[in-house]
Structure formats: structure tokens, C-alpha cells
Amino acid sequence: MPRNIWNTIAAVPADSLRHIFANDAQRVQNMTVRQSGILFDFSKTHLNDGLLAAFQSLAGHAKFTEAREKLFSGEIVNPSEGRAAEHTAERGNGAAQQVEMAKALQARMRGLIEAIDAGAMGEVKHILHIGIGGSALGPKLLIDALGRDDARYDVKVVSNVDAAALAEAVANMDPHKTIVAVASKTFTTTETLMNAASAIEWMKQAGVSDPEGRIIALTANPEKAIEWGVDESRILPFNEAVGGRYSLWCSIGFPVAIGLGWAAYEELLEGAAAMDRHFKTSDLTSNAPVLAAYADLYYSQVRKCQTRAVFAYDERLRLLPDYLQQLEMESNGKSVTASGEPLGVNSAPVTWGGVGTDAQHAVFQLLHQGTHLIPVEFIVSKTPGHDFDPAHHETLLINCFAQGAALMSGRKSDDGARNYVGDRPSVTLLLEDVTPSVVGALIAFYEHRTYVNAMLLDINPFDQFGVELGKEIAKAIAQDGPSGFDASTMALIAEAEL
Ligand code: F6P
């Protein structure tokens, strides 16, 4: 990639948002993409024809269309680990052999779910899903978003090693009617194995006769699960080339498939598959994940924004910012290129966010008047998730749209404290409804956007070595006791009497 490409992009004139709208009657139509039940409105960003052309040229230099092809054809896109990334194959979009393997493993999951439904594990009321990071965030988001009304089982997700989380999850569970899904790609993760052992103990203490027989393992490392004590018949394997934060489509989605039912799970996959097809085949300038990434890169590289904020104006999607934090920051928070050279530009910004309208009364002050420029993303559904007075939903939508308008237009005042500078960008995603199909498309959109960002920055988005050092140090302290650490760490360990 030519070194000066970012200078070229930075040199493209960018008008204020107010001027862009004043000078282009077609702005909204030109910068809106409709796909899979989602309207993507990119009009309130500074992207203009000159910037789009510059990003097209960047995409050309980065050989982006080839990189996209590689992703879908199952070639190695994770060079540091020598792996493909097969999450799209789980949705039927990948190399034939990989799709076939994914479908076979999904069929195995379906078989086990049908057996459980038919009583093979006795009476089951509760599913306790234990996992962390990518083995928890997706299921947690989906159960919270889609399982509110008619979930088939009571599903709880526990991730934190702080057993207060486990205690809260099992408080209203009948241990005799619970099955425990232990989700871990590696089946070596400390938190997950500790929580799983405590869940077994909880059942034992309640007199459950065969607690180990109530464990189901969701893993890409079946040997480790067997070693740990899970019977092979209750292991739902998945392919190692499905990354942790991209894994809710495979057996990590077990609590979703059993909790919401197989039809809903298939709708979720089909929604994501439709977004795959859009991403794979659409022209780059009308491609939602690509346009979103162009805006991301414009703000992070040219305007030097250190963060981006995501607000779900829908209680059902309140866990979306948490999910996106792992997806975006674990994927693209890197300081070296895919070939190990210094990155030389900003990595992914910090993703943060919350729920509207709550966040308006907490953090929006800074968004409107702080010295930081923070690109904002609004996600809102046309259809409410409740039967209360429709005025609630109207108020929610009105507030969401009002915030975008206020950020963009601002309002001049001679009194600095009351002045709103405006020209602050936002993207709005207007969903038809929060259904399995739309949520599947939404998550796939974010996955692909993350991939485009990575390819245009020359980052490998599929490894995560940054999380290892802390884990190793914790292991060393746990195994060998504290020694050889800095004075602060030693003093804290001593004070806590570890
Ligand atoms: O520590 C980070 C991480 O490796 C994530 O990438 C992953 O999603 C999570 O831990 C859980 O890992 P596993 O599924 O192997 O238990």
C-alpha cells in the first residue's frame, strides 16, 4: 500500500454536513442502502464523491475485492495462525466442502436438540450456558434480543469467573431440570472450566444423580472436552477455522437454537446469509459494510477520532454495544500489519455505547459539546417489542432521530455554554423489526464491516494475541505464587492475602 495514501485521502476537501445537504437534493437517496430489512442511512457522514473515489482507490491498492473473494472461498485469511475464517460457511456461503462440514455439524446439533425436546435428558426447563468472550456474547445478545416472549426454555448465560454471576443465574433454576452447555472453542479457558465445575457441584449438592451427564460441550477441541469428562455423545463440535467472536452461527449458538427453536435459528442464519450475498456481490459504493467501513476509516484516520459510539434505541438490542466491542476491538485493535510490520496508522477506534434514550441523559452532553469528535451510530427498529401504548415507541424513534439532527445541525449561540457547534456525524440503521432474520443480517453486516476495515488497514482481524500476556501472568501467579513482579503488583497481592 503506498505510504502516502492516507495523506491523499486527507487532502480531499470535505464540506460541512449542512453544506452537503444544502447542495445535494439527492443526498439521502444516494447515501442510503436498503438490505435485509435494514435501512442504512450514511447521509449524515462527511463522505462525498471525492472521498468515495479516494476510498475506492484505497480499496484497489489494498486488493480488497480479492480479499473478499478469499474470505468466501475459504482461503487463508488468518496468516498468523494459518487458517481460513469459516463463519460465512456456517451460513451456507463458503467453499463447498466447508459448507458441507458446517451443515453436517449443525445437523448433529439439531439431532441433540430434538432428543432433548423428546425427553432424552429427562425433564428440562433451564439451559445454563457457560462460556466467555465470543463463546458467550453472541448467545447472550440473541437470547436477550429474541427470547423475551416465547422462549422454549429458560436460558441463562454466565461468563464471569466471579461466581456472583453464576449464583444469580442459578438462583431460580431447578438443578434437576437444568442442562449445562459448556461453550469454549479451546476448552481450556479458566473462567469457563471453573464455572462449569461449580455448576456440576451445584447439581451434586442438590442431589442430582449424574450431574456430569447433564453437561453438553460446544467446542472446536472435542479431545479436551472428553479429557475434561464430557461424553462424546454430548459434544457438539465446530470447525477450528470459525473464530471465537464469529462463532454464534455454529454450535456456540446451541442455546439460541434450543431456546428459540430450530426455525428461528435457521432464520437467523438465512438473514446473515442474505447480508453475505449483499456484501459479496454489491458494487463497493452501494455496499453497506463497505460504506460503513469507509466512514469508520475517514473518522479514525483523517479526523483522528479515537472512539466511535453505538446506541441501540431498542431495549432488545441493549447488549449490542458489548457484542460489538469484542468484534471490533479484538479483531482490529492491533499495532502491526498482517505481515508483522508496524501499522503506522491508527488501529480500530475504541467502540463504546449504550441504550437510547437512557444514554441521552448520561453521555450525550459530551457528544454534543465535548472537545472530542465522536462518530455516532443509532440502531432503531420501526416495530416495538411490546404491547404498551404506541406513544412509547413513537417517543423512542423521535428522540433517536432528534439526536442525529441535533448532532448534525448544531445551534449557534453567543453564550458559549449554550452553543452547539454541530457538524457531528452519525449513521442510522433503521430496522423493520427485531426478528431472527434482521438480527442475523445486522450481525453479519458488522462482521463484514470489521473485515473491510481490517483489509484497508492491512490488519489480520482473526487473531488475538493481545489477550495472552495477562492470562499467562494470572496463570503464573495462580500456579507458582507471586514472585518477580513489579512492586505495585506484589504489594496488591500481599494486601489481598493471596
Ligand atoms: O481471551 C480471548 C478469547 O480467546 C476470545 O477470543 C474468545 O472468544 C474467548 O477468549 C473464549 O475462548 P474459548 O471459546 O476458547 O473459551
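Modeller: A polar contact is a pair of N or O atoms within 3.5 Å; within protein, one must be able to donate a hydrogen and the other to accept it, and residues adjacent in sequence count only if both atoms are side-chain atoms. The model is predicted, so local features require pLDDT of at least 70 and side-chain atom pairs pLDDT 80 or more, while totals for chains, interfaces and linings use all residues. Numbering starts from 1 along each chain as its sequence is written, and side-chain values use heavy atoms, without hydrogens or water.

Colleague: Which residue places a backbone N or O atom 2.7 Å from an oxygen atom of the ligand?

Modeller: Serine 135 approaches a ligand oxygen through a polar side-chain atom, at 2.6 Å. Threonine 186 also uses a polar side-chain atom, again at 2.6 Å from a ligand oxygen. The backbone atom at 2.7 Å belongs to lysine 185.

Colleague: What percentage of the area that the ligand exposes alone does the protein bury?

Modeller: Taken alone, the ligand exposes 390 Å² (Shrake-Rupley method, 1.4 Å probe). Of that area, the protein buries 88%.

Colleague: How many residues of the shell around the ligand are charged?

Modeller: In total, 13 residues surround the ligand (a heavy atom within 4 Å), and Ser135, Ser184, Thr186, Thr189 and Glu330 are the closest. By class, 2 are nonpolar and 8 are polar. The number of charged residues (Asp, Glu, Lys and Arg) is 3.

Colleague: What is the angle between the planes of phenylalanine 187 and tryptophan 228?

Modeller: The model has 15 aromatic pairs (ring centres within 6.5 Å). Phenylalanine 187 and tryptophan 228 form one that is edge-to-face (planes over 60 degrees apart), with centres 6.0 Å apart. The pair links distant parts of the chain, 41 residues apart: the loop between strand S5 (178-183) and helix H9 (190-205), and helix H10 (residues 222-228). The angle between the planes is 70°.

Colleague: Which residue does a cis peptide bond join to glycine 356?

Modeller: Most peptide bonds are trans. Here omega is about 10°. The partner lies in the loop between strand S9 (350-355) and helix H15 (364-369). The residue joined to glycine 356 is threonine 357.

Colleague: What is the phi of serine 36?

Modeller: Most residues other than glycine have a negative phi. Serine 36 lies in the loop between strand S1 (32-35) and strand S2 (38-41). Its phi is positive, about 55°.

Note on methods. Rings of Phe, Tyr and Trp (its six-membered ring) pair if their centres lie within 6.5 Å; planes under 30 degrees apart count as stacked, over 60 as edge-to-face and the rest as tilted. Helices (H or I, at least four residues) and strands (E, at least two) are DSSP runs, numbered from the N terminus.
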